[in-house]
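The following exercises practise the reading of a protein model. Each task is followed by a solution in steps.

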Amino acid sequence: MSVLDAEEYGTEYEETHVHSIYEQIAPHFSSTRYKPWPIVENFLKSLPNGSVGLDIGCGNGKYLPVNPRIFIIASDRSANLVDIAQQHQPHTLIVADNLNLPHPDGSFDFAISIAVIHHLSTSARRIQAVAAVLNTLRRPSVAIAESQGNGRDEGKALIYVWALEQKHSRRGWDKDSEQDVMVPWIMKQKSTSDIATEEKTFNRYYHLYREGELEHDITQAGGFVLESGYEKDNWWAIAARRPD
């Protein structure tokens with residue numbers, strides 16, 4: 001399969017097994033997503049007042065109200081989720097694809113990508129998605145990049161992905177499990193009789209990241225890792241761009 005064919009296949013596969021599903025389950029999905037994850041909340045609250053940044057793959061926008069002293073341009077591939085997120089003002093909401101972001105290069109103080117990139121179906125597309133996030137950030141000075149420091153003049157991105165190593169979760173995946181899986185979303189809805197309810201299952205594609213893989217993808221995408229770790233079945237990393 002050529003690179004062009006693989007790209008087209010990935011686009012079609014994700015449309016079927018990710019994008020179209022979230023359009024259908026958006027209200028039900030949103031009703032289960034209301035509590036900010038602690039590391040994401042701390043990251044947003046640690047930003048200097050007046051910071052301007054991005055929430056790429058914002059879902060229902062649950063992170064938009066976390067810090068009222070910053071401004072966020074939030075985007076999601078799902079128009080239905082963006083409609084739900086519009087309740088969080090005064091932030092800006094747009095429909096956009098992670099691989100085709102409409103933002104100017106090198107312009108933002110921060111970005112977050114929470115539980116999004118694991119929905120990309122090939123390694124090349126996942127690295128491209130990480131690069132798209134990093135490219136929106138202000139570049140650090142050479143001195144900061146060389147020291148892997150935590151300077152104030154660099155833009156920073158917080159990225160979260162599902163972990164392969166979660167043997168203590170109800171899913172039971174671990175380091176020897178398959179990394180590319182279909183994860184069911186079960187939604188109850190009224191039947192045609194409008195009395196009884198029936199369940200409908202939607203299978204969503206996920207790539208489960210193994211330890212060190214997120215850091216690898218960040219490096220391949222032209223970034224460097226400031227900090228990384230594991231939290232509740234997820235790998236996360238705070239990263240910045242490398243200077244020119």
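**Exercise 1. Determine whether K232 is buried or exposed, and where K232 is found.**

Step 1. K232 has a relative accessible area of 66% and is exposed; buried means under 20% relative accessible area, exposed over 50%, and partly exposed in between, with a 1.4 Å probe and protein chains only.
Step 2. K232 is found in the loop between β8 and β9. Helices (H or I, at least four residues) and strands (E, at least two) are DSSP runs, numbered from the N terminus.
Step 3. Although K232 is not a glycine, its phi is positive, at about 45 degrees.

The model is a predicted one, in which local features need pLDDT of at least 70 and side-chain atom pairs count only at pLDDT 80 or more, while totals for chains, interfaces and linings use all residues. Residues are numbered from 1 along each chain as its sequence is written, and side-chain values use heavy atoms, with hydrogens and water left out.

**Exercise 2. State the order of the seven strands in the open sheet, and explain why β3 and β8 each have one side without a neighbour.**

Step 1. The order is β3-β2-β1-β4-β5-β9-β8, with mixed pairing. Two strands pair if DSSP finds at least two bridges between them.
Step 2. β3 (92-95) and β8 (223-231) stand at the edges and have a single partner strand each, so one side of each lacks a neighbour in the sheet.
Step 3. From one strand to the next, the twist averages 15 degrees. Axes are lines fitted to C-alpha atoms, for helices over the stretch in contact, and angles run from 0 to 180 degrees between N-to-C directions.
Step 4. β8 is joined to β9 (residues 234-241) by eight bridges in the antiparallel sense, and W235 in β9 is the bridge partner of Y230.

**Exercise 3. Describe the surroundings of strand β1 (residues 52-56).**

Step 1. β1 is largely enclosed by the rest of the structure, because four of its five residues are buried.
Step 2. β1 runs parallel to β2 (residues 71-76), with five bridges between them; here I56 stands opposite S75.
Step 3. β1 also pairs with β4 (residues 110-114), in the parallel sense, over three bridges; L54 stands opposite A111 of β4.

**Exercise 4. Give the angle at which α4 (residues 123-135) and α6 pack, and name the residues that make the contact.**

Step 1. The angle is about 65 degrees, and the axes are 8 Å apart.
Step 2. On α4 the contact is made by R126, I127, V130 and L134, and on α6 by E213, D217, I218 and Q220. Contact means heavy atoms within 4.5 Å.
Step 3. Helix α6 (residues 213-220) also lies across β5 (156-162), β8 and β9, and runs at about 165 degrees to β8.

**Exercise 5. Classify the ring pair of Y22 and F29.**

Step 1. Rings of Phe, Tyr and Trp (its six-membered ring) pair if their centres lie within 6.5 Å; planes under 30 degrees apart count as stacked, over 60 as edge-to-face and the rest as tilted. The count comes to seven aromatic pairs by this rule.
Step 2. The ring centres of Y22 and F29 are 5.2 Å apart and the planes stand at 85 degrees, so the pair is edge-to-face.
Step 3. Y22 is buried, at 10% relative accessible area, and F29 is buried at 12%.
Step 4. Y22, F29 and W185 are linked into a cluster by ring pairs.
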